[in-house]
Amino acid sequence: KEGVNGSQVELVKNEYYYIDGLPRLDGAIFRFIPDAASRAIAFETGEVDVMTGGSLESADVERLSKVDNVCVTTEGWELFAPQSYFQLNVRSGPLADKTFRQGLMYALDTEFIRDVVWGGYGEIGTGPISPRTKFFPKNSDYPYEFDPDKARELIEASSYNGEELRLMPTPYGENWIRTAEIARQNFNDVGVKIKMIATDPAG
């Protein structure tokens with residue numbers, strides 16, 4: 001029906017939709033609220049009725065889930081199935097060394113990241129295919145349990161010489177930045193120097 005640039009899009013029911021009985025709503029308004037804290041307030045005050053995954057910071061999800069007449073579900077991610085992962089530049093330097101990369105994997109406390117940063121919403125991946133999709137290999141095991149001692153051993157055996165590595169978190173909310181901050185701490189704990197590089201979506 002109407003689109004207001006940077007503000008909202010209003011949809012109305014298609015009376016001639018090809019499936020009888022659908023859509024079930026007479027209409028819907030999609031609001032654009034850039035700030036996560038403002039989105040949480042809009043939901044809490046009843047200004048908006050539904051929040052999609054990723055719209056709120058994990059701490060707000062936990063808090064708002066306890067409000068009367070609010071429900072939270074993890075259903076519906078089967079199609080989107082987003083992943084948080086580290087894209088490594090393996091063309092040169094220490095990241096070109098498989099032993100060093102394995103050391104980083106053992107240094108990363110993925111359970112802590114899932115439970116603390118993401119509020120327990122998520123599964124620890126075992127590779128590039130999301131466990132929420134039908135293409136995920138069901139017998140896939142994750143070989144890299146959190147083991148700082150093993151991480152140090154592999155890093156010391158690698159070609160890493162103490163140089164500083166640059167880590168740029170995805171600029172799409174606090175959870176992504178916190179994930180990178182924990183990773184930096186995990187890597188620092190096993191002797192790998194990390195410098196965070198800030199950016200924005202356009203950058």
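Start your tour at P23, which sits in the loop between β2 (8-12) and β3 (27-31); helices here are DSSP runs of H or I with at least four residues, strands are runs of E with at least two, and both are numbered from the N terminus. Show the backbone of L22 and P23: a cis peptide bond joins them, with omega about -10°. This is a predicted model, in which local features need pLDDT of at least 70, side-chain atom pairs count only at pLDDT 80 or more, and totals for chains, interfaces and linings use all residues. Residues are numbered from 1 along each chain as its sequence is written, and side-chain values use heavy atoms, leaving out hydrogens and water.

**The whole chain**

Now zoom out and colour by secondary structure. You should find seven helices and five strands in the protein chain. Reading from the N terminus, their order is β-β-β-α-α-α-α-α-α-β-α-β.

Turn the view along the principal axes, and the C-alpha atoms fill a box of roughly 65 × 35 × 35 Å. The radius of gyration is 21 Å, whereas a compact globule of 203 residues would have one near 17 Å; the radius is taken over C-alpha atoms, and the globule rule is 2.2 Å times the number of residues to the power 0.38.

Switch on the surface next. Its accessible area comes to about 14,300 Å², and carbon and sulfur atoms hold 51% of that; areas come from the Shrake-Rupley method with a 1.4 Å probe, and for residues only the protein chains shown count as cover. Of the 203 residues, 27% count as buried, meaning under 20% relative accessible area, with exposed being over 50% and partly exposed in between (1.4 Å probe, protein chains only).

Colour by charge for a moment: there are 21 positive and 32 negative side chains, and the centres of the two sets lie 5 Å apart. Lys and Arg count as positive and Asp and Glu as negative, while His and the chain ends are not counted; each charge is placed at NZ of Lys, CZ of Arg, CG of Asp or CD of Glu.

**A loop residue with positive phi**

Select N69, in the loop between α2 (58-64) and α3 (77-80). N69 is not a glycine, yet its phi is positive, at about 65°. Its relative accessible area is 83%, so N69 is exposed.

**Into the cores**

Next, select F100, F187 and V192. Among the 24 residues of the largest nonpolar core, these three touch the most other members; such a core is a set of buried Ala, Val, Leu, Ile, Met, Phe, Trp, Tyr and Cys residues joined through side-chain atoms within 4.5 Å. The elements giving two or more residues to this core are α4 (98-107), α5 (110-117), α6 (148-157), β4 (165-167) and α7 (174-189).

Which residues is V192 in contact with, leaving aside its neighbours within four places in sequence? Show F100, L104, I155, Y160, L165 and F187 around V192; contact means heavy atoms within 4.5 Å.

Then look for a second, separate core of eight residues, which includes A40, A42, F43 and L64.

**Partly exposed stops**

Move to R114 in helix α5. With a relative accessible area of 23%, R114 is partly exposed. Beyond its neighbours within four places in sequence, R114 is in contact with G119, G120, Y121, G122 and I124. Draw a distance from R114 to L104: the two are ten residues apart in sequence and 17 Å apart, C-alpha to C-alpha.

E163 comes next, in the loop between α6 and β4. E163 is partly exposed at 31% relative accessible area. Not counting residues up to four places away in sequence, E163 touches P94 and K193.

Keep K193 on screen and add N188, in helix α7. N188 touches K193 and I194, again not counting residues up to four places away in sequence. Its relative accessibility is 35%, so N188 counts as partly exposed.

**Across the model**

Finish with some long distances. The C-alpha atoms of N188 and G6 are separated by 41 Å, with their positions 182 residues apart along the chain. For E163 and L79, 84 residues apart along the chain, the C-alpha separation is 40 Å. Last, select S38 in helix α1 (residues 36-44), a partly exposed residue at 33% relative accessible area. S38 and I155 lie 43 Å apart, C-alpha to C-alpha, and 117 residues apart in sequence.
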